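Work through the exercises below with the sequence and the coordinates open. Each task is followed by a solution in steps.

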Amino acid sequence: MKIYRSDIETVAVKPSRYPPENLKEIAFAGRSNVGKSSLLNLLTGRKNLARVSGSPGKTRTINFYIINDEFRIVDLPGYGYARVSRSVSEGWGEMIERYLQNRPNLLKVVQLVDIRHAPSNQDIQMYDYLRHFGLAGIVVATKADKISRNRIDKQVRLIRQTLKLDPEDMVIPVSALKKTGYEELIDVMERLLED
């Protein structure tokens, strides 16, 4: 699959603002500062489609991007940023939950974790949540260029163990900087869309 066209379709906080359920959607979730915007820009081949911010916790809405006029990539708000108030982070939780529970055209949620660290409690919670809704199965380990090749396998094993992944669940190490793992992720997305 080649992504040749990508545009922001809508930005929503509540379901009444979601776009119609006419296209399949693949959502992306991860902690603030995990590199989600960089990954989405890599996938779409656009520098500033998703805004990369120096200050984490910037995405406070659900952003719907229309891709090739055929499907949507959905950018969920980053979780786990300490500097936002509890009420704000609870609001994000409710926003994400509403979307995951009530979106029939959502195929899968790709969860991002930082390859350099063991998944946090919030990462574990998120993955359990996705598993509960039948949306788990794909984990992208970001920032793969920040560790040595030898450490990648070790960190992937740690991620699998910490998130209690099933044997068929995937962990894809990706570097937005070096564009590694990009092809594999695109292939996985293509297979999802074809099923």
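**Exercise 1: an aromatic cluster**

At 11% relative accessibility, Tyr 18 counts as buried, where buried means under 20% relative accessible area, exposed over 50% and partly exposed in between (1.4 Å probe, protein chains only). The model is a predicted one, in which local features need pLDDT of at least 70, side-chain atom pairs count only at pLDDT 80 or more, and totals for chains, interfaces and linings use all residues. Residues are numbered from 1 along each chain as its sequence is written, and side-chain values use heavy atoms, with hydrogens and water left out.

Task: find which ring pairs link Tyr 18, Phe 64 and Tyr 99 into a cluster.

Solution.
- Step 1. Apply the pair rule: rings of Phe, Tyr and Trp (its six-membered ring) pair if their centres lie within 6.5 Å, and planes under 30 degrees apart count as stacked, over 60 as edge-to-face and the rest as tilted. A search of the whole structure with this rule gives 4 aromatic pairs.
- Step 2. Take Tyr 18 with Phe 64: the ring centres are 5.4 Å apart and the planes stand at 50 degrees, so this pair is tilted. Tyr 18 sits in the loop between β1 (6-12) and β2 (24-30), and Phe 64 in strand β3 (residues 62-67), 46 residues apart. Helices (H or I, at least four residues) and strands (E, at least two) are DSSP runs, numbered from the N terminus.
- Step 3. Check the burial of Phe 64: its relative accessible area is 0%, so Phe 64 is buried.
- Step 4. Take Phe 64 with Tyr 99: this pair is edge-to-face, at 5.9 Å centre to centre and 75 degrees between the planes. Tyr 99 belongs to helix α2 (residues 86-102), 35 residues from Phe 64. Both Phe 64 and Tyr 99 are buried.

**Exercise 2: strand β6 in its sheet**

Task: state the strand order of the sheet, and describe the surroundings of β6 (residues 138-142).

Solution.
- Step 1. Write the order: 7 strands form an open sheet, β1-β3-β4-β2-β5-β6-β7, with mixed pairing. Two strands pair if DSSP finds at least two bridges between them.
- Step 2. Identify the edges: β1 and β7 each have a single partner strand, so one side of each is left without a neighbour in the sheet.
- Step 3. Look at the partners of β6. Strand β5 (residues 106-114) runs parallel to β6 and is joined to it by 5 bridges; Val 110 stands opposite Ile 138, and Leu 112 has Val 140 as its bridge partner. Strand β7 (residues 170-173) is also parallel to β6, through 4 bridges, and Ile 172 in β7 stands opposite Val 140.
- Step 4. Follow the connections. β5, helix α3 (residues 121-132) and β6 make a right-handed β-α-β unit, as do β6, helix α4 (residues 149-162) and β7. A crossover is right-handed if, with the strands pointing away from the viewer, the path from the first strand over the helix to the second runs clockwise.
- Step 5. Check burial: 5 of the 5 residues of β6 are buried, so β6 is largely enclosed by the rest of the structure. Ile 138, Val 140 and Thr 142 point one way, Val 139 and Ala 141 the other.

**Exercise 3: a salt-bridge network**

Task: which residues do salt bridges that share partners join into one network?

Solution.
- Step 1. Apply the rule: a salt bridge is a side-chain nitrogen of Lys or Arg within 4 Å of a carboxyl oxygen of Asp or Glu. The count comes to 10 salt bridges.
- Step 2. Take Arg 72 with Glu 9, whose closest N and O atoms are 2.6 Å apart. Arg 72 lies in strand β4 and Glu 9 in strand β1, so the pair ties together parts that are 63 residues apart in sequence. Arg 72 is buried at a relative accessible area of 1%, whereas Glu 9 is partly exposed at 34%.
- Step 3. Take Glu 21 with Arg 103, whose closest N and O atoms are 3.9 Å apart. Glu 21 is in the loop between β1 and β2 and Arg 103 in the loop between α2 and β5, 82 residues apart. Glu 21 is partly exposed at 48% relative accessible area, and Arg 103 is buried at 6%.
- Step 4. Join the pairs: the network holds Glu 9, Glu 21, Glu 25, Arg 72 and Arg 103.
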